[in-house]
Structure formats: structure tokens, C-alpha cells
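Work through the exercises below with the sequence and the model open side by side. Each task is followed by a solution in steps.

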Amino acid sequence: MLKEIKKIKETQLELICEASFEEMAPCLNRATKRISQRIKIHGFRPGKAPYEVVKKEIGEMDIYQEALDEIISQCYFKIVSDEKLRVIGQPKIDLQIFVPGQPIVFKATIDLLPKVKLGDYKKNKIQKPKIEIRQTQVDDTLKDLQKKRVKETLVNREVQNEDKVNINIEMFFENVPLEDGQIRDHSLVVGEPYFIAGFSEKIIGLKDGEEKEFELKMPENYYKKSLANKIVKFKVKVNKVYQLDLPELNDEFAINLGQFKSLNDLTAQIKNNLEIEENFKIKEKMREEILEKIINQSSFEEIPDSLIESETNKMFSELEEEIMKQGMKMDDYLSHIKKTKLELEKDFLLGALKRIKAILVMREIAENETVQAVESEIMGEINELLKTYPTDEKIRERIQSESFRRHLEIEITNRKIFDFLEEICVEK
């Protein structure tokens, strides 16, 4: 039961809670059963010894200790439900009275979901940009398709521009070999963008088996800051030279892709795909614009530090995951940008606040407009995902988990909110 409630901040409360004998009894009985399953008590089968016997065997305080977490959790969540409190995160619990034979009294410090006062979001109007696909975009896509079907021919001649080469590389700084600076069987296409400016052009004119030494300046944003913008010596040996011949862009090329009747048919499909992609980008940009307008029109209660900390930690984890995908370590990245984790998280502060406000606004609009994901929509998407992974049991288990279901419910609800906002805010 709730004995006292005290407002600490606009979005923080202090609850004095008391677990009565009636509330504690089932928890103490379950604790007794668990204890009697772990320890051998003469005359009783595992899990069957009564409370008084276990109390005599190990002491009543040990039973209370075993039951404590369940007692506090049960009492706390009942109070939250009865008082209709919109809590976020985990409560901070401080025991005040914890004596066997007496009701347990504890203090719970909780953070509340900040309230939002929305502006008149239905009056917001934005223009939908026109989609314009340039011929250069189509040409670039055709070029990429050609490259995927390029013919490689091993040749015995000097390296030319647009050749593919297989090389060995040794790197030296101030005539000292660099750690991890020896690379074997490295392939690149001469003339294509490379992370070290001018590198591939230095290989032009060499034949397989030939070596060359040269110096180049490392990129300013090189992940090893000790080498960034520094002159490094390279020793390169050419192993193999391949001539690359792109297929001719004609009807035969389009037909060989397997689903087109002519080059015109292929070009039309590329243009259509680019329009779909551009339309998706425009849609995302419009949604950001609409949401930003609503955030700027709205007022928010004080946002709890715990919520900000949670969001900045999430943003840091997202960045760390992205850096690892690029083959880098987070420590190297932090060293390169000359910041600590704490300093980087402080940089995330404004972004975290914006993301939190966006979530609060979306939640408030969903309640105002009674927008929510229905069971058939959630299960429909789950079933479609399960069809995609018919044999991967780990992924199927995750798709069917309660946490993924909640994630999907939020995602579907948000899509429906944006569809609603676009309908009323985007000028036709």
C-alpha cells in the first residue's frame, strides 16, 4: 500500500510504500519452497518443508531475504497501477523497515514520463517537393550494372588506367616499417577513388613482378591519428594485371539481365526505381519537417536525467556499432576525434533531447487521435517475417519474442501516425 507520496521534481516522485502481511505471505511461501528445494531438510521431500520448519532450520531473516525482491516488485507495481503513474525506467529503492514479523517499508524514487502540451498540429502545412530524375542518375546506374558484369582478362603488359591490379604493399614512416603496414594480395582498380589520393596512379606503367617505391600524404581523417596528414613511404609490388572490358550497353545486355526485353525497357525500370527511391527520401524528409514543426509548437515538462542518459547511451551504442562495421575500434575513433566517451555523450545531448521529444509527441498524438497498431497488423507482419526465415531458428525465435512484438507495435503505430499527419499537413 502507498503510505506517502512526495513530489521531488516536475517529473520525479518519492513513494513511501508498505508491504502488508497479506501481500508478503504468498511471496514468503514461494521463497520457503525455493529454499527447501536447495537445501536438504530431514523428513521432507525437496520443496515440501513448511514455513516454520524452514524458519527453524535457517532463520526467518534468510526467508525474508529470499522473498525481498518479489515483495518489493509486487507492492511497487500494484501502487503504480492503482495510482495510474506513467513511470519510466527502474525505481531507486531504499529499504526503511526490514524486520521479520513486521510489514516491509521502502522508499521508491521514480521518474515519470514528461507530459506534453501539443500545439495545433493540424494547421501545419508543408509543400511536397517535385520528383525529378536526371539522365545522369540513370547513366550512373547503367554504369554500375556494367561494372558488375565486367570481363577480367589476365594480361602481360604495363598497368594502364582502368586496369585491375593485384599488389603487395609495405608501408614505412620515417623509414620504420609500420605495424599492420604489410598488405598481401590487395586488389584495386586504377583510376577509381581510393582512400589515399594519387596512390593508384603511381602504379601505372609497372608490369607484373615489378616494384616501385614512392611517398604520399595520408588522409587528414585517417583513423590512426599519428599518421593523419603525414608523409608515408610505400613499397609496392605488382602481382597481376587484369584488363577490364565492360559489356556494351544494348538490347542483348538488358536481355541477359533476365527480366527485360530491351535496353529501353531496362532504362525505364531504372528510372522507375529511382523515382521510388527519391519518393521515399522525400517522404522521410517531409516527416522530419512535420515532426520538427510540432515539437517547436509544443511545450514539455522537465525531461528526467535518467531518460536523457538512456537515450545518449543508445546513441553511443549505435555509433559504436557503425564504427565496428567499418572495421574500426571505438577507442581508435575516440582517439582520432580527440574526445572521451563522456565528452562524446555530451555532444549527443541536443540530439538525445530532440529524439526524446519526438517520441513524446508521437505518443501524445497517438492518444489524442486513438491511433494504435491492432493485433491483425502486428501478427500479419510477424508472419511475413517468419516466411523470410523458414529455417533460421534463432531469428524466428527473436521475431516471435515479446520484446520484438512490442517494437513492432510501436513501429506500426508510428507509421499510422505519420500517414495521418501527411494526410492533413501535406498540401496536395
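**Exercise 1: F106 and its core**

Find the residues that F106 touches, leaving out those up to four places away in sequence. Contact means heavy atoms within 4.5 Å.

Solution. F106 touches L15, I16, C17, I72, C75, Y76, I93, D94, L95 and Q96. The model is predicted: local features need pLDDT of at least 70, side-chain atom pairs count only at pLDDT 80 or more, and totals for chains, interfaces and linings use all residues. Residues are numbered from 1 along each chain as its sequence is written, and side-chain values use heavy atoms, with hydrogens and water left out.

Next, place F106 in a core. A nonpolar core is a set of buried Ala, Val, Leu, Ile, Met, Phe, Trp, Tyr and Cys residues joined through side-chain atoms within 4.5 Å; buried means under 20% relative accessible area, exposed over 50%, partly exposed in between (1.4 Å probe, protein chains only). The largest such core has 30 residues, and F106 is among those with the most contacts inside it, as are L15 and I110. Elements that each supply at least two of its residues include β2 (12–19), α3 (60–82) and β4 (104–112). Helices (H or I, at least four residues) and strands (E, at least two) are DSSP runs, numbered from the N terminus. The largest share, ten residues, comes from α3.

**Exercise 2: the sheet**

Give the strand order and identify the edges.

Solution. Two strands pair if DSSP finds at least two bridges between them. The order is β1-β2-β4-β3, an open sheet with antiparallel pairing. β1 (2–9) and β3 (87–97) each have a single partner strand, so one side of each has no neighbour in the sheet. Inside the sheet, eight bridges join β2 to β4, and L13 stands opposite I110 in β4. α3 packs on the sheet and touches β1, β2, β3 and β4.

**Exercise 3: two ring pairs**

Classify the pairs Y76 with F77 and Y194 with F199.

Solution. Rings of Phe, Tyr and Trp (its six-membered ring) pair if their centres lie within 6.5 Å; planes under 30 degrees apart count as stacked, over 60 as edge-to-face and the rest as tilted. For Y76 and F77 the centres are 5.0 Å apart and the planes make 70 degrees, which is edge-to-face. Y76 is buried at 3% relative accessibility, whereas F77, at 48%, is partly exposed. For Y194 and F199 the values are 5.2 Å and 25 degrees, so this pair is stacked. Y194 is partly exposed at 25%, and F199 is buried at 1%.

Methods:
Axes are lines fitted to C-alpha atoms, for helices over the stretch in contact, and angles run from 0 to 180 degrees between N-to-C directions.
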